[in-house]
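Hi,

Here is the structure I said I'd pass along. Have a look at it first, and my notes follow underneath.

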Amino acid sequence: PLHRGVPAIRVTSSSNDLLDSQVKEQTEKEELDRNQSSHRFPFWSLFSDNSPLTKYDATDNGFASDPFTVGTPRSRHRLTMLLLKSSLVVIVILALTGSFWWTLSISTSSRGHIFHSSRRLQEQLVSDLWDIGELSFGTSRMKEIEFCPGELENYIPCFNVSENLDSGFSDGNEYDRVCRQGSRQNCLVLPPMNYKIPLRWPTGRDIIWVANVKITGQEVFTSGSLTKRMMMLEEEQISFRSASLMFDGVEDYSHQIAEMIGLRNESNFIQAGIRTILDIGCGYGSFGAHLFSEQILTICIANYESSGSQVQLTLERGLPAMIGSFSSKQLPYPSLSFDLLHCARCGIDWDKKDGTFLIEVDRVLRPGGYFVWTSPLINVQSSLRNKEKQKRWNFVRDFAENLCWELMSQQDETVVWKKTSKKTCYNSRKSGSGPSICSKVQDVEFPYYRPLQNCIGGMHSRRWVPIEERATWPSRSNLNRSELALYGLHLDELNEDTANYRIIVRNYWSLLSPLIFSDHPKRPGDEDPSPPYNMLRNVLDMNARYGGLNAALLEARKSVWVMNVVPTTGPKYIPLILDRGYFGVLHDWCEAFPTYPRTYDMVHAEGLLSLESSQHWRCTMLDIFTEIDRMLRPE
């Protein structure tokens with residue numbers, strides 16, 4: 001700074017060297033003094049307006065000579081920086097003051113809400129980091145997973161008939177689901193040698209590949225059930241085409257049931273409050289396939305079968321099905337879950353075990369719901385000639401009356417009962433007639449494979465609402481505030497879940513590669529074609545919560561059905577899912593799901609690992625992922 005801003009002094013050519021030397025020395029001395037005083041009193045240098053001028057303060061050409069004088073570029077720059085610093089200090093002071101004042105003004109409830117949200121985010125973060133940590137050990141813990149032997153191509157853990165027989169099970173109990181500790185094999189189930197990708201819906205409903213299922217030609221042609229007979233073996237395919245004469249039998253049969261209920265035809269099922277049907281021993285699902293066009297959701301349950309499985313063929317057709325047995329345990333559905341139960345030559349002897357099977361039907365049937373039974377036992381003319389048949393039919397008829405079922409109609413081999421809508425009916429029965437009402441301890445609303453009960457369940461449920469008083473489909477899926485209160489849920493929570501899954505489904509659908517799933521290959525320069533609406537059919541949601549994924553897929557008009565699974569370790573909103581008109585089931589994911597290999601196009605598992613980790617990993621992640629792999633179809 002000592003050599004900057006030296007004033008330029010003009011002298012005439014007649015000036016001598018001495019004068020030049022004196023002027024230069026005096027100028028440098030004055031400049032040094034000004035610099036020192038400016039550093040000692042910077043504010044005075046910037047803001048004083050009446051400072052005296054020396055004779056060297058300006059040159060003859062009018063330019064300012066002092067670099068610290070106001071008005072020069074350097075002085076303006078220093079002034080600007082000082083103002084900026086002062087403004088920054090003021091802003092910081094105001095911000096701190098405002099923040100402190102805002103903190104003091106927060107109410108107790110607001111602080112609690114913020115703390116709760118922060119705590120929830122922290123817990124979710126810890127859970128996610130735990131999952132990432134588990135996955136990060138994959139390399140160090142990795143071991144090669146072997147393929148299952150070829151004879152296990154239809155392997156279902158927990159269903160081993162020969163082992164059950166060796167353990168002493170009999171009278172149909174050998175088909176029970178028994179999950180023994182350590183019996184599960186963590187191997188990858190290979191598809192059959194000639195496996196082919198199933199045809200897309202709706203074509204796949206009527207035609208399946210023979211190689212994809214385990215069934216013999218003999219089983220095709222000797223099936224005795226009405227709905228089983230409606231298929232034809234054509235080279236590599238099994239056909240269920242509507243052109244078959246047998247299909248007219250199902251259409252007429254459905255029409256007959258509707259008339260027996262008091263409806264014009266099956267298209268009026270929805271108006272009568274019928275949306276969900278449990279089809280016991282469904283054959284190969286033709287009854288449900290016919291009703292699907294009427295927006296009726298029919299789920300098939302049948303015993304495990306090593307070959308010619310009703311469940312496997314029904315799922316291969318893209319229709320809802322799962323393995324389930326009436327032999328000794330309650331079904332994994334809540335009480336009051338279905339609008340209609342159907343049994344067409346389903347192979348269950350309803351008169352056995354003192355009517356316990358009929359009590360289980362009553363438990364899962366909603367008030368005002370229907371039980372439809374088709375059997376040669378019902379044929380009056382046949383029963384009159386056979387005293388044993390007549391005795392069995394009389395037992396079932398009388399027991400149904402003691403359950404407060406109304407016999408609505410009886411035609412040929414089919415009978416229709418209607419469950420009472422009034423609880424007072426049970427108190428008006430004769431003393432000692434029929435089963436008693438379960439106590440609150442016995443009346444578990446959502447049992448998980450509990451032993452069959454010999455008392456009437458569902459009576460203590462707050463969901464006792466006749467089907468005639470429920471909203472019809474599809475309005476049923478949108479419950480109001482008072483209805484949601486039955487499940488301890490707020491309307492805002494359901495609306496938020498619905499909005500979230502709308503976005504999720506839209507994102508999923510766009511992420512699924514159109515190059516893989518579309519029939520129209522991409523050409524150079526073209527945009528990716530949109531995935532078709534029917535590229536998925538069978539969907540399994542491993543942690544369904546309120547059924548939001550199901551609702552969003554249907555709202556987006558995707559041609560899917562969803563198996564909504566509610567884990568036994570999480571919040572049990574399974575009654576809510578069923579009451580919304582969807583299908584759902586309870587399940588423990590440390591056990592095998594009751595389905596055959598290669599039965600689902602998509603498995604959705606949002607939040608499942610976090611839920612299982614909160615239970616301290618009762619099973620390994622390998623168990624869960626090998627099970628997912630077993631259920632998924634190739635590609």
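First off, keep in mind that this is a predicted model. The protein chain has 22 helices and 14 strands. It runs to 635 residues, and 47% of them are buried. As for the contacts between residues at least 6 apart in sequence, 69% join residues that are at least 24 apart. The accessible surface of the chain is about 33,700 Å², with carbon and sulfur atoms accounting for 55% of that.

The part I spent some time on is a sheet towards the end of the numbering I list below. It is an open sheet of four strands, paired in parallel, and the order is E13-E12-E11-E14. Which strands stand at the edges? Those are E13 (584–587) and E14 (602–604); each has a single partner strand, so one side of each has no neighbour in the sheet. On average, neighbouring strands here are turned by 20° against each other, ignoring direction.

Looking at one pairing in particular, strand E11 (residues 538–541) runs parallel to E14, and three bridges join the two. If you want a spot to zoom in on, Asp541 sits opposite His604 in E14.

There is also a helix to look at alongside these strands. Helix H19, covering residues 548–555, packs on the sheet and touches E11, E14 and strand E12 (561–567). The direction of H19 makes about 165° with that of E12.

That's what I have so far.

Cheers

Conventions
Residues are numbered from 1 along each chain as its sequence is written. This is a predicted model: local features need pLDDT of at least 70, side-chain atom pairs count only at pLDDT 80 or more; totals for chains, interfaces and linings use all residues. Side-chain values use heavy atoms; hydrogens and water are left out. Buried means under 20% relative accessible area, exposed over 50%, partly exposed in between (1.4 Å probe, protein chains only). Contact means heavy atoms within 4.5 Å. Accessible areas come from the Shrake-Rupley method with a 1.4 Å probe; for residues, only the protein chains shown count as cover. Two strands pair if DSSP finds at least two bridges between them. Axes are lines fitted to C-alpha atoms, for helices over the stretch in contact, and angles run from 0 to 180 degrees between N-to-C directions.
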